[in-house]
Protein chains: 2
Amino acid sequence: MEKIRVLIVDDHPMVLEGMKALLSNFEYVTVTSTACNAYEAIDKLKAYPVDIAIVDINLPEVSGIELTAKIKKEFPAVKVLAMSTFKERSYISQMIQNGASGYLVKSASKDEIEAAIVSANEGKLYLSLDINTTDVNTESIPQIPVVSRREKEVLQLIVDGLTNPQIAEKLFISLHTVDSHRKNLLAKFNVSNTASLIRIAIKYNLVNT
Amino acid sequence: MEKIRVLIVDDHPMVLEGMKALLSNFEYVTVTSTACNAYEAIDKLKAYPVDIAIVDINLPEVSGIELTAKIKKEFPAVKVLAMSTFKERSYISQMIQNGASGYLVKSASKDEIEAAIVSANEGKLYLSLDINTTDVNTESIPQIPVVSRREKEVLQLIVDGLTNPQIAEKLFISLHTVDSHRKNLLAKFNVSNTASLIRIAIKYNLVNT
DNA sequence: GGTAAAATCCCCCGAAAGCGTGATTTTTTA
DNA sequence: TAAAAAATCACGCTTTCGGGGGATTTTACC
């Protein structure tokens, strides 16, 4: 039997290493390459063909969701396993809709990971157990708002501690525009101040810290 | 040869699991118990004697540094291995001064972890390789300011998105007092706005997110 | 090539945050 | 028990933030 070739995509080195270590326990799996962002992932896919790509949902710049769509478009044979960060479990259905073959929580056990990989490799759909159990009411899944590219930039600069005038100067736009973006962000995140905004942004890994 | 009994203390479930998985590769090591905070760690130590405690530096409420001191005081035979979060590597010397037998970055390889455990078990001092190399200039280690108990409370509420008036009401103190605490926090963190304050607080795990 | 979404710009105003500079009281600890 | 640290309260002032309205121009996509 040939080994299942795997690409791991995650911006957290720790997770990358951890997953690699876990996968090394399975003789029939080989981690062909790893990537820490979407662009690198595409490059690696071109250079080293794989059977399965394990993709973190929250990636910087281009999200795992977009990456999944791109992978399924350019490399339809590659199965995508979605993986979510520590606390949030959103976007799952979007990933599935984009063609993901399964979903893993990062706290998944060795057995769960094995099951996910085997399922994906066989073309089946795998979902982490606790999704089926605890998320019966799918509306309980926290909604991560869709943030546009520009909004993401502004958000990052807010987290970086810049004031609106500073952001305006940096992005070569009017203070009013920054203000609009900021207001839209507050509305989208459904919060009323910078503090909550930053907390959520960091929690859902929407910014670089 | 008897197995080395290990306790892992970390508030990140992922790290706990990852470390457990990694340690399971060593036949002569057994993870006796795990804990996600200092109190639980002490309880577990009383219930299940171990040889080595792997302690995360940044723990909620009681830090890993304080925990290390407590462990060395109450359980002098237990070797403590300090472990730091993803990006920061502070407090190391303090941990060592408090009796830690070594220091690990969380991104450490299997080999490094093995070396650390073996060293610690033999009573030697182990430091992650990249500490010796990259942190030659120890003054480059970011200083995490000492935050008093009350300040920590205020900080948590700021991160929770409360305004100063709300915090004052919640803590039954004057708005002026909250303002003072906030000002002291900004000064201690050497930042000039809430955004940066929260970013650092979360980065160094000084608050619950 | 039309339309929706994103990005841009504008104004007002009150509330909150931030800065400076104090002081007093309580608690901790050497 | 005395000194140090923490916690409390106070005032005036400036800047920024946040909420409420808008409007116009690019992009992106079907």
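How do the residues of the surface near DNA strand C divide into nonpolar, polar and charged? They comprise 3 nonpolar, 11 polar and 6 charged residues, where Ala, Val, Leu, Ile, Met, Phe, Trp, Tyr, Cys and Pro count as nonpolar, Asp, Glu, Lys and Arg as charged, and the others, Gly among them, as polar.

The model is predicted: local features need pLDDT of at least 70 and side-chain atom pairs count only at pLDDT 80 or more, whereas totals for chains, interfaces and linings use all residues. Residues are numbered from 1 along each chain as its sequence is written, chains are lettered from A and ligands numbered from 1 in the order in which they are written, and side-chain values use heavy atoms, with hydrogens and water left out.

**View 1. The surface near DNA strand C.** Around DNA strand C there are 20 residues, of which A:Ser148, A:Ser174, A:Thr177, A:Ser180 and B:Lys183 come nearest; a residue is near a strand if one of its heavy atoms lies within 4 Å of it. H9(A) provides the largest share of this surface, with 5 residues; helices are DSSP runs (H or I, at least four residues), numbered from the N terminus. Sugar or phosphate accounts for 66% of the strand C atoms within 4 Å of the protein, and bases for the rest.

**View 2. Polar contacts to phosphate oxygens of DNA strand C.** A polar contact here is a pair of N or O atoms within 3.5 Å. Side-chain N or O atoms lie 2.9 Å from a phosphate oxygen in the case of A:Arg150 and 2.6 Å in the case of A:Thr177. From chain B, a backbone N or O atom of B:Asn164 is 3.0 Å from a phosphate oxygen of the strand.

**View 3. The surface near DNA strand D.** DNA strand D is surrounded by 18 residues, and A:Lys183, B:Ser148, B:Ser174, B:Thr177 and B:Ser180 are the closest. This surface divides into 2 nonpolar, 11 polar and 5 charged residues. A backbone N or O atom of B:Ser174 is 2.5 Å from a phosphate oxygen, while a polar side-chain atom of B:Ser180 is 2.4 Å from a base nitrogen.

**View 4. An aromatic pair in chain B.** Over all chains the structure holds 2 aromatic pairs (ring centres within 6.5 Å). The rings of B:Phe26 and B:Tyr28 are stacked (planes under 30 degrees apart) because their centres are 6.0 Å apart and their planes lie at 20°. B:Phe26 is buried (under 20% relative accessible area) at 6%, whereas B:Tyr28 is partly exposed (from 20% to 50%) at 21%.

Conventions:
A polar contact is a pair of N or O atoms within 3.5 Å; within protein, one must be able to donate a hydrogen and the other to accept it, and residues adjacent in sequence count only if both atoms are side-chain atoms. Rings of Phe, Tyr and Trp (its six-membered ring) pair if their centres lie within 6.5 Å; planes under 30 degrees apart count as stacked, over 60 as edge-to-face and the rest as tilted. Buried means under 20% relative accessible area, exposed over 50%, partly exposed in between (1.4 Å probe, protein chains only). Helices (H or I, at least four residues) and strands (E, at least two) are DSSP runs, numbered from the N terminus.
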